[in-house]
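Colleague: I would like a close look at a single part of this model, the salt bridges and the helices that carry them. Please set that part against the rest of the chain.

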Amino acid sequence: MDVRLLLFVVLLFCAVALGVWGVYTGWNNARGPEAERVARRLRNAIGDSGAELAVSITKQRVLSRDPGVQRLLERIPGIARLDRLQLQTGRTMSTAQLCALMGGLFLLGFIAGVSLQLPWFGRLIMGVLFAWLPILEAQRAKRLRITRIESLLPEALDMMGRAMRAGHAFPTALKMAGEEIPDPVGMEFRAVFDEVNFGVSMPDALMNLAVRVPSTDLRYFVIAVLIQRETGGNLTYLLASISAIIRDRLKLLGQVKVMSAEGRMSAWVLGIMPFAVGGLVSVINPGSLEILITDPGGRKMLAVAGTLMVVGMIAIRRITTIRV
């Protein structure tokens with residue numbers, strides 16, 4: 001029996017097994033008997049209102065529900081940053097499930113490299129690229145969530161300022177903003193209010209908010225509130241000032257995006273054009289580009305061209321990305 005075929009079968013079996021294990025652990029953590037028992041006891045203790053949020057606050061954040069997997073993950077360097085990334089995306093997937101997904105994708109990438117008859121180094125690179133996809137997607141989800149929060153934050157601060165001018169205390173204003181403002185801002189403010197109700201001090205609850213949402217605008221709000229609690233002052237005026245600053249920054253950011261749209265479009269066109277031209281040539285004259293794959297010189301040319309394309313895309317991205 002061919003060794004490569006045997007290796008392919010073994011890796012495929014491992015990938016499927018990891019995928020099944022990841023799906024099962026995800027379902028068990030969310031809908032399993034233990035999770036249902038804890039949720040039921042909390043509902044009986046505090047009532048049905050806000051039960052789901054209470055479960056998310058009171059439970060201890062762990063990497064995995066399995067103690068052995070927990071100890072194994074704690075020994076991996078950089079696992080804390082991965083867990084924080086998962087926290088900042090606002091998703092319920094555990095770090096163990098993410099690692100299982102990355103392991104399965106690594107095996108799939110390795111199998112793809114074997115099927116393409118790449119050398120061992122190329123197979124490992126293919127596996128690493130596949131395994132990196134969940135992290136890239138999580139970073140994208142984090143950026144989208146932060147953008148959504150920053151767009152809703154001025155409205156939330158204005159509502160809190162109006163509530164405090166009407167005579168409400170700061171925690172009550174937090175609760176009102178959490179109930180009226182859409183998620184994810186409302187969800188985060190409700191979490192802060194519930195943490196305070198569960199006995200967490202207000203500074204710690206606000207610092208936890210800053211960790212969950214690594215936004216510069218929201219950190220301005222947290223720092224302003226913490227300083228006001230230490231030194232005193234007109235908090236409603238501070239909230240109005242921060243809201244105005246955030247709105248001006250978002251307006252300026254929109255203008256910058258409009259002016260840099262041409263550069264971003266150029267990057268997309270230059271990146272897609274080689275593949276479009278190659279596909280068109282292959283359709284018009286089949287087999288004309290096979291020499292780039294079969295000949296060693298052609299493969300070197302493709303490698304150099306791909307490297308230059310990546311460098312060019314990164315350069316254009318850095319030029320068109322302007323921090324406001």
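Modeller: What follows starts with the whole chain, goes to the salt bridges, and ends with helix packing and one further residue.

The model is a predicted one. Its chain contains 15 helices and 0 strands. Of its 324 residues, 33% count as buried. The accessible surface of the chain is about 20,500 Å², and carbon and sulfur atoms account for 65% of that area. When contacts between residues at least 6 apart in sequence are taken, 58% of them join residues at least 24 apart.

Now the part you asked about. In the whole structure, 8 salt bridges are found. Side chains of opposite charge can pair when their charged atoms come close. One such pair is R212 with E188, whose side chains meet at 2.6 Å, N to O. This pair links distant parts of the chain, since R212 belongs to helix α10 (residues 202-212) and E188 to helix α9 (residues 185-197), 24 residues apart. Both R212 and E188 are buried.

R212 also forms a salt bridge with E195, where the closest N and O atoms are 3.4 Å apart. Here again distant parts of the chain are linked, with E195 in helix α9 and R212 in helix α10, 17 residues apart. E195 and R212 are both buried. The two pairs fit into a wider arrangement: R145, E188, E195 and R212 are linked in a network of salt bridges.

A further salt bridge joins the side chains of R190 and D183, at 3.2 Å from N to O. What is the exposure of these two residues? R190 counts as partly exposed because its relative accessibility is 28%. D183 counts as partly exposed too, because its relative accessibility is 41%.

R190 also has a place in helix packing. Helix α8 (residues 170-180) packs with α9 at an angle of about 150 degrees, and the axes are 7 Å apart. The crossing of α8 past α9 is left-handed. On the α8 side the contact is made by P171, L174, K175, A177, G178 and E179, and on the α9 side by G186, F189, R190, V192 and F193. By class, this contact has 6 nonpolar, 2 polar and 3 charged residues.

A second helix pair can be set beside this one. Helix α6 (residues 95-115) and helix α7 (residues 120-165) pack at about 145 degrees, with their axes 7 Å apart. In this case α6 passes α7 in a right-handed crossing. Residues of α6 in the contact include L98, L101, M102, L105 and F106, which meet residues of α7, among them W120, R123, L124 and M126. The contact of α6 with α7 has 17 nonpolar, 3 polar and 1 charged residues.

Last, a residue outside these helices. L292 lies in helix α14 (residues 291-294). With a relative accessible area of 23%, L292 is partly exposed, because buried means under 20%. Neighbours within four places in sequence left aside, L292 is in contact with G298, R299 and L302. L292 and L302 are 10 residues apart along the chain, and their C-alpha atoms are separated by 7.0 Å.

Methods
Residues are numbered from 1 along each chain as its sequence is written. This is a predicted model: local features need pLDDT of at least 70, side-chain atom pairs count only at pLDDT 80 or more; totals for chains, interfaces and linings use all residues. Side-chain values use heavy atoms; hydrogens and water are left out. Helices (H or I, at least four residues) and strands (E, at least two) are DSSP runs, numbered from the N terminus. Buried means under 20% relative accessible area, exposed over 50%, partly exposed in between (1.4 Å probe, protein chains only). Contact means heavy atoms within 4.5 Å. Accessible areas come from the Shrake-Rupley method with a 1.4 Å probe; for residues, only the protein chains shown count as cover. Axes are lines fitted to C-alpha atoms, for helices over the stretch in contact, and angles run from 0 to 180 degrees between N-to-C directions. A crossing is left-handed if the near helix is turned anticlockwise from the far one by less than a right angle, and right-handed if clockwise. Ala, Val, Leu, Ile, Met, Phe, Trp, Tyr, Cys and Pro count as nonpolar, Asp, Glu, Lys and Arg as charged, and the others, Gly among them, as polar. A salt bridge is a side-chain nitrogen of Lys or Arg within 4 Å of a carboxyl oxygen of Asp or Glu.
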